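Biologist: Could you take me through this one slowly? I'd like to know how each label is earned.

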Amino acid sequence: MKTGRKILPLLAAVIVIGFLTFGGSTAMANTDTVTGVVYSVDNGEATITGFIMPDGFGGDLDIPPTLGGVPVTSIGKQAFQNCGALDGNINSITIPGGVTSIGESAFSGCYAKNITIPNSVSSIGERAFSFCYAKNINIPEGVTSIGDYTFQGCYAESIIMPGSVTSIG
């Protein structure tokens, strides 16, 4: 019995050390307290990974061009999915220049009335705007690739597609 009592604390220590060493991702999630934008930083670049509506939010979200001292380069998978669905308090989302990609389902089900996409974006992922409620979606020149089902069930009144698009789905 004495041997068992000594092994249990040792085993617990090994499990805790293993968890601390191997348990987490190298990209930590951060939240910008002013805008409510959730982001991760990896290799000196920020990716938007979510949005938590701050108290007193005014309805217009201008994503900053830098977060945590590094440039914002992408809107990640499902970052604004169903954004504003509960309270409809989002008028517009402006994506900063420097963002080059919009990830899969990034704005799927989003209730923002206007989403401004900069000319720096070159690729838009699958289902990025599926079931989105934006009135107008203007895809800028420079976008060359649009994923499968990007506008599936989209409620936009108009979608403007540039001649630079060479691949859809």
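Here is a short chat about some of the labels used for this structure.

Modeller: Quick warning: this is a predicted model, where local features need pLDDT of at least 70, side-chain atom pairs count only at pLDDT 80 or more, and totals for chains, interfaces and linings use all residues. Residues are numbered from 1 along each chain as its sequence is written, and side-chain values use heavy atoms, leaving out hydrogens and water.

Biologist: Why is S108 called buried?

Modeller: Buried means under 20% relative accessible area, with exposed over 50% and partly exposed in between (1.4 Å probe, protein chains only). S108 has 9% relative accessibility, so it counts as buried.

Biologist: What makes S108 and S130 a polar contact?

Modeller: The term needs a pair of N or O atoms within 3.5 Å; within protein, one must be able to donate a hydrogen and the other to accept it, and residues adjacent in sequence count only if both atoms are side-chain atoms. The side chains of S108 and S130 make theirs at 3.0 Å.

Biologist: How do you know that strand 5 and strand 6 pair?

Modeller: Strands are DSSP runs (E, at least two residues), numbered from the N terminus, while helices are H or I runs of at least four. Two strands pair if DSSP finds at least two bridges between them. Strand 5 (residues 66–67) and strand 6 have 2, in the antiparallel sense, and L67 stands opposite V70.

Biologist: What makes strand 6 largely enclosed?

Modeller: Of its 6 residues (70–75), 5 are buried, so the rest of the structure largely encloses strand 6. Strand 3 (residues 45–51) also pairs with strand 6, in the parallel sense over 3 bridges.
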